[in-house]
Amino acid sequence: MSQARIVAVTFRTPPLVKMEEFANLVAADPGGDTVAQVIRNSAITTKGMAVNALLEDPRRWTTRRRMDRSLAEARRLGRTTVTAALAEAGLRPDDVGLFATVTTTTHSTPGLDALAAELGLRPDVETLSLGPMGCYAAVPTMSACAHWVAAKRRPAVLLAVDLFSPHVQPPPYDKEQAVVLTLFGDGAAAVVLLPPEAGEPGGAEIVDAEQLTAPAHADDLQVHMGDNGLRIRLKPSMPDVVAGSVAIPARALLARHRVRWSDVAWWAVHPGGRRILDRVDEALGLPEQSMATAREVMREYGNTAAPAVLAVLRRLQTTRPLAAGEHGVVLACGPGATVWALLLRGT
């Protein structure tokens with residue numbers, strides 16, 4: 001028996017900035033030529049920036065200023081994203097029983113959960129505020145919300161927001177920091193979940209989830225707070241680590257539910273970067289449409305961390321919705337090194 005049904009997924013970004021213009025901003029800095037080269041090879045053309053470095057340069061901001069601005073922008077973007085999701089699901093704010101939020105880039109208490117009152121949710125709505133998990137965060141959060149919906153038989157809303165523009169680091173830039181500057185963009189995504197029997201037919205049931213952590217590679221991707229906001233460590237070995245790990249939880253999940261690999265209609269793959277997508281494609285041989293969709297999202301928005309895979313999920317479910325009984329899989333990876341797989345079934 002399924003736990004919950006996804007009836008709406010929305011994705012929003014701040015205004016998009018052209019990557020070639022961003023390259024011009026840092027061209028005269030030490031390592032600026034390295035940033036320009038990485039941008040040319042990234043397959044990312046634009047990304048959202050709540051703090052547009054072309055208009056106000058945050059690279060010398062203190063951590064406190066970065067975090068204050070991040071919270072304000074995250075709440076603003078999150079509010080519009082959740083409002084759109086509720087409208088798409090045909091729900092009123094007071095229908096919501098659980099409001100779950102997750103972010104790696106905005107640290108505050110109260111934080112995104114303070115949106116509950118601004119959105120008009122009930123005073124007794126349950127809130128779940130989850131902290132830094134990185135790029136895979138949306139999947140375990142959806143799993144937790146699904147368990148709650150299964151237990152309480154009430155609607156839940158998940159909001160994921162990650163903003164990297166307030167944390168643009170000062171020069172000099174080496175190859176690793178050039179990749180970080182290029183790759184990560186700002187975004188927000190919201191998911192509305194209902195009990196399987198509630199609401200209008202359609203959507204996708206959350207069937208089950210599976211996690212794999214490879215602690216031997218925990219140093220390959222890390223996110224910490226530093227003197228200049230978030231400090232991201234991203235080793236060039238990460239694509240190989242993901243490619244070597246991602247099939248393990250996926251195969252376990254499918255085997256447990258007697259679903260053949262070839263029977264999966266589509267795969268929503270986290271758009272973690274060009275090399276990660278290339279290596280995952282080589283390792284798994286996923287359907288062309290699935291990989292093309294992940295690449296489209298990355299090209300338009302970069303890697304928005306937790307919201308990114310939800311942007312891919314939304315696009316796939318919009319362009320090729322799961323028919324009743326068909327299966328889809330969501331794959332996300334991040335610090336740890338951690339991989340999550342989520343099994344969906346069309347209703």
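Here is a short chat between a student and a tutor about this predicted model.

Tutor: Residues are numbered from 1 along each chain as its sequence is written. Since the model is predicted, local features need pLDDT of at least 70 and side-chain atom pairs pLDDT 80 or more, while totals for chains, interfaces and linings use all residues, and side-chain values use heavy atoms, leaving out hydrogens and water.

Student: How many helices and strands does the protein have?
Tutor: Both are DSSP runs numbered from the N terminus, helices being H or I over at least four residues and strands E over at least two. On that count, the protein has 11 helices and 13 strands.

Student: Why is the protein called as compact as a globular protein of its length?
Tutor: The radius of gyration is taken over C-alpha atoms, and the globule rule is 2.2 Å times the number of residues to the power 0.38. For 347 residues the rule gives 20 Å, and the protein comes close to that, so it is as compact as a globular protein of that length, with a radius of gyration of 19 Å.

Student: In what order do the nine strands of the open sheet run?
Tutor: Strands pair if DSSP finds at least two bridges between them. The pairing here is mixed, and the order is 5-4-6-7-1-8-13-12-11.

Student: Which strands stand at the edges?
Tutor: An edge strand here has a single partner strand, so one side of it is left without a neighbour in the sheet. That goes for strand 5 (126–130) and strand 11 (264–269).

Student: Which residue of strand 7 is the bridge partner of I6?
Tutor: Strand 1 (residues 4–12) and strand 7 (residues 187–194) run antiparallel, joined by seven bridges. Within strand 7, the partner of I6 is L193.

Student: What angle does helix 11 make with strand 11?
Tutor: Helix 11 (residues 306–319) packs on the sheet, touching strands including strand 1, strand 7 and strand 13. Axes are lines fitted to C-alpha atoms, for helices over the stretch in contact, and angles run from 0 to 180 degrees between N-to-C directions. By that reckoning, the angle with strand 11 is about 150°.

Student: Is V339 buried or exposed?
Tutor: V339 sits in strand 13 (residues 338–346). Beyond its neighbours within four places in sequence, V339 has contacts (heavy atoms within 4.5 Å) with residues including L212, V246 and P249. Buried means under 20% relative accessible area, exposed over 50%, and partly exposed in between, with a 1.4 Å probe and protein chains only. V339 has 4% relative accessibility, so it counts as buried.
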